[in-house]
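Please look over the model shown below, first as a whole and then with an eye to its pockets and its cysteines. The paragraphs that follow take these two topics in turn.

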Amino acid sequence: MTAAPQTVSSSPLRVQARWFVFGMRGIFSLPSLILALSFVGFAAFTAEAGIPVEQAIFMTGIVWALPAKVILVGSMLSGAHLVTAFLAVTLSSVRMMPMVASLVPEIRTRRTPTWLLLLLSHFVAITAWVFAMERIQAVPREGRVAFFAGFGITLTMTNVVLVGLAYGAVEEFPPLVSGCLFFLTPVYFLTSIWLSARHRVVYWALGAGLVFGGIFAVVAPQYDILLAGVVGGTLAWWAERAFRLRKAGAA
Amino acid sequence: MSYDGLWPYVFIVVAGWLATDIWRWLGVLFGNRIDERSELLQWVRAVATALVAAVIARLILFPTGALAGSPFALRIAAVLFGAACFFAAGRRQIVGIGASVAFLAAGLALTGT
């Protein structure tokens, strides 16, 4: 981190603008690079799935969270009902609530309007959240909302443009390259889940979801994601809870 | 489903945007009242993770497009090789992803698919 912008004493608007730009510069970081690669992979995934480019760009901006989008596309592919798709996506997005809830007290001041936080909450997804939670301590409180806005909005907009550009390029690529790009999405998620896990139950649920995802994809392809998520997740939660309680009892 | 007309956009707005942003808004509005260790939140974490894991399984086991004709064993081996490198390198994400994709690329080139 370089010299921090001057605080309130000069012109408040100017200071806010400088913190915004400071946040924007986060686009040149390893997490941003990995996410960008994954969005190239997502563009390949939607292109291969036959989703039109306008819809791929539209969902990148309006949904933003990559897991939610991949579940959404998966549901569109399997011909799932709107309600089934909504349930699968919304269950995967519940984790946004604790993520936003833990970020908001870190960035808001007493003068931060709630509408602004509601607006900015749209830019919370795993990469922006991890990035902000790691670096926000180095930013004085009055600059934090601007800092997060600068990073979050830049990250989203960059990837919206990237999906549009990559989508067209994917069709020109030889099958070997587009195959590898497609493969980026699952391996990015596998590593991201492992790295962002703060609780043991997440590892158990990862294993259960992989196994049940494979089973239900064969047995009930229209509801596979929702079923595997609820059945696998609940089993993982139940088993981990039993393990946790027994360990606590034995101690 | 058909990707023509307005319906896919309605689908994306309802099943994608609303389904996700509702939780972001609730996080802003009721953030202070969530107990991080509650059993309900543990269940939510488990289900959310399993949902994404189910998608991962689908993408690896039943890929569409360019990978649809690739050998099943190659895709599994690529994931396992990536995982081994990921842990061997002290859980570095870029190593795991790079190793897995490189293994797949080599395999695709060798099998000619």
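How do the residues of the lining of the largest pocket divide into nonpolar, polar and charged? In this predicted model, the lining is made up of 14 nonpolar, five polar and four charged residues. The pocket that they line has a volume of about 550 Å³, and, of its 23 lining residues, those closest to its centre are Arg95(A), Met99(A), Ile126(A), Ser196(A) and Arg45(B).

It helps to ask next which elements these residues come from. Two or more lining residues are given by each of helix H6 (96-107), helix H8 (126-135) and helix H10 (175-196) of chain A, and also by helix H2 (39-61) of chain B. Of the elements that contribute, H2(B) gives the most, with six residues. Within chain A, domain 1 (12-183) and domain 2 (197-251) each supply at least three residues to the lining of this pocket.

We can now turn to the cysteines. A disulfide is a covalent bond that joins the sulfur atoms of two cysteines, and the structure holds zero disulfides over all chains. Cys180(A), for instance, is in no disulfide, and the nearest cysteine sulfur to its own, that of Cys85(B), is 15 Å away. Why is the sulfur of Cys85(B) not bonded to that of Cys180(A)? The two sulfurs are not bonded because the 15 Å from Cys85(B) to Cys180(A), its closest cysteine sulfur, is too far for a bond, given that the sulfur atoms of a disulfide lie within 2.5 Å. As for their surroundings, Cys180(A) is buried, with a relative accessible area of 9%, and Cys85(B) is buried too, with a relative accessible area of 19%.

Note on methods
Residues numbered from 1 in each chain as written. Chains lettered and ligands numbered in written order. Predicted model: local features only at pLDDT ≥ 70, side-chain atom pairs only at ≥ 80, totals over all residues. Heavy atoms only, no water. 1 Å grid on protein atoms, 1.4 Å probe; cavity = no way out; pocket = protein on both sides within 12 Å on 5 of 7 lines; lining within 4 Å. Points joined across faces, edges and corners; volume = space filled by probe spheres on them. Helix = DSSP H or I, 4+ residues; strand = E, 2+ residues; numbered from the N terminus. Nonpolar A, V, L, I, M, F, W, Y, C, P; charged D, E, K, R; others polar. Domains from an automatic or database assignment. Buried < 20%, exposed > 50% of the residue type's maximum accessible area, 1.4 Å probe, protein only.
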